[in-house]
Amino acid sequence: MGLLAGSLLLSLVAQARADQTQTPLRIEDAVSLAVARNERAKITDLNVKVADAALDRARTAFFPTVGVGGTYTQHPDDVVAAGKNSYNALASVTVTQPVLNASAFPLYAEAKRNLEAQEAQTVDDKRTLGFDAARAFFVALSSDAVLAAANTRLDTAKANLADTHERVIGQYVSTNDETRATIDYANAIHDVEVDKGQAQVAYVALAFTINAPIPAKLERPEAILAAGKAPVPTATGLVQLAFSRRADLLAHHKSAEAAHDFAAEPLLRLVPTIGLSGNFSLSSDETLLGHGFYNNESLQVTVSWPLFDAGVRYADKKSRDAQASIADWTTTELERTVDEQVRSAAISLASAQTALTAASQALDAAKKSAAETEVLYKQNLAKAIELVDANDERFLAEVTYVTAEYAVGLAYLALREAIGLDPIGTELR
């Protein structure tokens, strides 16, 4: 039952790919789609709105508040008989303007820096999302290449089996050779099916990341692959570049500054708060016999000085100072992490380039060995097992080479990400 469900899933994926346009998807398009459609991009944009709203909220501490109130009272008949109005109405407008509120200044600065931090973090979140799409693109490309190599091996194994069968009929070789060729052909079929499933899964993962239908095929990013094979610049210069470009590092610096602003607020509660309050009221009943409207105005200066608040401000100060120190140390750790990421990525790229060179040499040798063994086999100077082994070695060499080639591309992307560059590009400075 599980195998049936798996086969059905693979067939549905294959059909979905076949239904898409045959225009190859470029890596640039994959990155753009991810940033435009993926939910992570939308969420990080909304986080900026949340931080912006918090800044608006902090700004309100400097602006006046206006309130309007009113009452209407209907008197009973005995009150009217006593000479009072049958009703009275009162309308008032109150305006309160803060003059001095020292605590509001660090809170406003904190909100402003938190907004700057979130804006920088949003830039980095989208950049990271772009790299996730680029990596998924390379994984799908690598899976395609491995599948192509497996299909080539299958074609070769099928041809070898047919040729060996004819030789058995002609009594040039023993039936054991045909048995070996049959085993090789069956193994080739197995590998093709496994690689086909892995390729389809990679395409599904790519489609999920870019939030788009499963692409039919992909276009090789030749420029990026070529850039990945170029000599790697010195790590020290790349680290300095990373310090100036990494948006997540900027976000951490701004968050640490915001934490220090927040820590400065509690002691400012010792400063008295001063405000102005103005009131204008209009009444319909000032005297027992009056029937007109009368107004009243007032202006008040309010001063509040909390001399002792049971120690709350000092507890808040202690806690927030510790939080600010944590933010500082977190930023310092990220700086060291950036240094480690850049140096490690540079080493990995150089290592991947060396491995690709070795894989290229091994592939050339494996192709030559397979061709030579095939000639010897047709001349009855080599056994079927030797031909099978030679073809298997060529297949493994082909897989190793394509894997190494795309490993260079992935290592190049990792270095660009560590430096703080965008996923699309061919420069490392």
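Biologist: How much space lies in the largest cavity?

Modeller: This is a predicted model, in which local features need pLDDT of at least 70, side-chain atom pairs count only at pLDDT 80 or more, and totals for chains, interfaces and linings use all residues. Residues are numbered from 1 along each chain as its sequence is written, and side-chain values use heavy atoms, without hydrogens and water. A cavity is a set of points on a 1 Å grid over the protein atoms alone where a 1.4 Å probe fits but cannot get out; its volume is the space filled by probe spheres set on those points, which are joined across faces, edges and corners. For the largest cavity that space is about 50 Å³.

Biologist: Which helix gives the largest share of its lining?

Modeller: The lining (residues with an atom within 4 Å of a point) consists of A157, N160, L161, T164, A181, D184, Y377, A384, L387 and V388. Helices here are DSSP runs of H or I, at least four residues, numbered from the N terminus. Helix 5, helix 6 and helix 11 each supply at least two lining residues. The largest share, four residues, comes from helix 5.

Biologist: Lovely. Which helix gives the most to the largest nonpolar core?

Modeller: Such a core joins buried Ala, Val, Leu, Ile, Met, Phe, Trp, Tyr and Cys residues through side-chain atoms within 4.5 Å, buried being under 20% relative accessible area with a 1.4 Å probe, protein chains only. This one has 64 residues, and those touching the most other members are F137, L206, I210, L218, V342 and L415. Elements giving two or more residues include helix 6 (175-210), helix 10 (312-378) and helix 11 (384-419). The most, 16 residues, comes from helix 5.

Biologist: Why do the buried residues of helix 8 sit on the same side?

Modeller: Those residues are A235, L238, V239, L241 and A242. Their same-side placement follows because the arc, taken from the directions from the helix axis to the C-beta atoms, is only 165°.

Biologist: And which helices are among what covers them?

Modeller: The buried residues in question include L238 and L241. Contact here means heavy atoms within 4.5 Å. What covers them includes helix 10 and helix 11.

Biologist: Is K49 buried or exposed?

Modeller: K49 lies in helix 3, residues 39-59. Its C-alpha atom is separated by 8.7 Å from that of L115, 66 residues apart along the chain. Because its relative accessible area is 59%, and the cut-off is over 50%, K49 counts as exposed.

Notes:
1 Å grid on protein atoms, 1.4 Å probe; cavity = no way out; pocket = protein on both sides within 12 Å on 5 of 7 lines; lining within 4 Å.
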